[in-house]
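Work through the exercises below with the sequence and the model open side by side. Each task is followed by its solution in steps.

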Amino acid sequence: MIVVDDLHKHFGGFHAVDGASLTIQEGSITGLIGPNGAGKTTLFNVIAGVLPPTSGKVTMAGEDITGLPPHTLFSKGLLRTFQIAHEFSSMTLRENLMMVPGNQSGEKLWNTWFGRKRIADEERALAAKADEVLEFLTIDHISDERAGNISGGQKKLLELGRTMMVDAKIVFLDEVGAGVNRTLLNTIGDAIIRLNKERGYTFVVIEHDMDFIGRLCDPVICMAEGHVLAEGTLDEIKANEQVIEAYLGTGLKNKVANA
Ligand SMILES: Nc1ncnc2c1ncn2[C@@H]1O[C@H](COP(=O)(O)OP(=O)(O)OP(=O)(O)O)[C@@H](O)[C@H]1O
Ligand SMILES: [Mg+2]
C-alpha cells in the first residue's frame, strides 16, 4: 500500500532519515521500533507530508505522494494522529470529533443562505457519527466533557477517534501508548485491532512498549540511524543480531531482550 524508497531527511549535516526503504502491506498493523533518535518520527513526518524529504520517494497504491501536503494526504485517507490542539481543549469530546475536516456544507458560507435545513441535517448526522465513534472507543460516558479535562489516555483515544470521522485507509500512530495506563492501553489496542479487522484500516504503529507491539503488530520493522535494520515477526526481530547491537547501550536493550 505504501512503498518508501531510499528516503532521506537531513537537518543541516545531520541525517535523521538516511536511506530508509520499506513497504507497508495493505491490511497490516505494522510496528515500527528502534532506539531513541532512530528517525522513526521523522520518517512518519515525511510520509505524512509534515516535513519535505531531502530525497527519495513515497508511493501509495502506486501513486507518487512524495512531499504532498497533509491535507491532500488526509483526503486520500492517509492520516497521522496529532495531539489535540490547545484551542480545542475547551470543546467537548463530541465537538472535537465534529470538527474533523470533512465535507460539511456548514463550512461554506453560501450554504448558510441556501441550505439551513441541509446544515441542520448534516450536523445531526455528524453528531450521531461522533457518538458512534465515542461508543466504539468506550468513552461515550464522557462525550460532553471538555477535552482539556480528560486523562492522557483518554486524549489518545480521542486522537484515534478523529481518524474514524473520515474514511481513513492508513493511519500512522506515534507512541499512542506513551504515558497511558495499562487498562487504557489495552482499550487503545482493542480499538486498533477492531478498526483493522472490521473497517479494514491499515496501521503503522511506533511504540516502545514491546508487549503492545507484540500483541498488535505483524510485521515489525526495526530502524536505527535513519534506516531499516530488519523486518519480521517480533520474535525474529528480537533474535536479530543487528537489532540487539543497535539497542545496546540504550535503556531499551533489556526491553527487547526480555519482551
Ligand atoms: N527538526 C529537527 N532538527 C534537527 N534535528 C532533528 C529534528 N527533528 C529530529 N531531529 C533529530 O533527528 C534524529 C531522529 O529523531 P526522531 O525524532 O525521528 O527519532 P525517533 O526514532 O522518533 O526517536 P524517539 O524514539 O526518541 O521518539 C534525532 O537525533 C533528532 O534529534
Ligand atoms: Mg519519535
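**Exercise 1. Which residues of α1 are buried?**

Step 1. Apply the cut-off: a residue is buried under 20% relative accessible area, exposed over 50% and partly exposed in between, with a 1.4 Å probe and protein chains only.
Step 2. Locate the helix, bearing in mind that helices (H or I, at least four residues) and strands (E, at least two) are DSSP runs numbered from the N terminus.
Step 3. Lys-40, Thr-42, Leu-43, Phe-44, Asn-45, Val-46 and Ile-47 meet the buried criterion in α1.
Step 4. Because seven of the eight residues of α1 (residues 40-47) are buried, the helix is largely enclosed by the rest of the structure.
Step 5. Look past the helix: Gly-49 follows α1 and has a positive phi, near 80°.

The model is predicted: local features need pLDDT of at least 70, side-chain atom pairs count only at pLDDT 80 or more, and totals for chains, interfaces and linings use all residues. Residues are numbered from 1 along each chain as its sequence is written, chains are lettered from A and ligands numbered from 1 in the order written, and side-chain values use heavy atoms, with hydrogens and water left out.

**Exercise 2. Describe the surroundings of ligand 1.**

Step 1. Collect the residues near the ligand, meaning those with a heavy atom within 4 Å of it.
Step 2. There are 13 residues around ligand 1, and Asn-36, Gly-37, Lys-40, Thr-41 and Thr-42 come nearest.
Step 3. Sort the shell by type: five residues are nonpolar, six polar and two charged.
Step 4. List polar contacts, which are pairs of N or O atoms within 3.5 Å. Oxygen atoms of ligand 1 lie 2.8 Å from a side-chain N or O atom of Asn-36, 3.0 Å from a polar backbone atom of Gly-39 and 2.8 Å from a polar side-chain atom of Lys-40.
Step 5. Of the 640 Å² of accessible area that ligand 1 has on its own, the protein covers 60%.
Step 6. Assign the shell to elements: β2 (14-24) and α1 each give two or more residues, and α1 has the largest share, three residues.

**Exercise 3. What is the strand order of the open six-stranded sheet?**

Step 1. Count two strands as paired if DSSP finds at least two bridges between them.
Step 2. The order is β6-β7-β8-β3-β9-β10, with mixed pairing.
Step 3. β6 (78-80) and β10 (227-232) are the edge strands, each pairing on one side only.
Step 4. From one strand to the next, the twist averages 20°.
Step 5. Examine one edge: β6 pairs with β7 (residues 170-174) in the parallel sense over three bridges. Leu-78 has Ile-170 in β7 as its bridge partner.

Definitions and conventions. Polar contact = N/O pair within 3.5 Å; in protein donor to acceptor, adjacent residues only side chain to side chain. Areas by Shrake-Rupley, 256 points an atom, 1.4 Å probe, with all protein chains shown as cover. Nonpolar A, V, L, I, M, F, W, Y, C, P; charged D, E, K, R; others polar. Axes fitted to C-alpha atoms, helices over the stretch in contact; angles between N-to-C directions.
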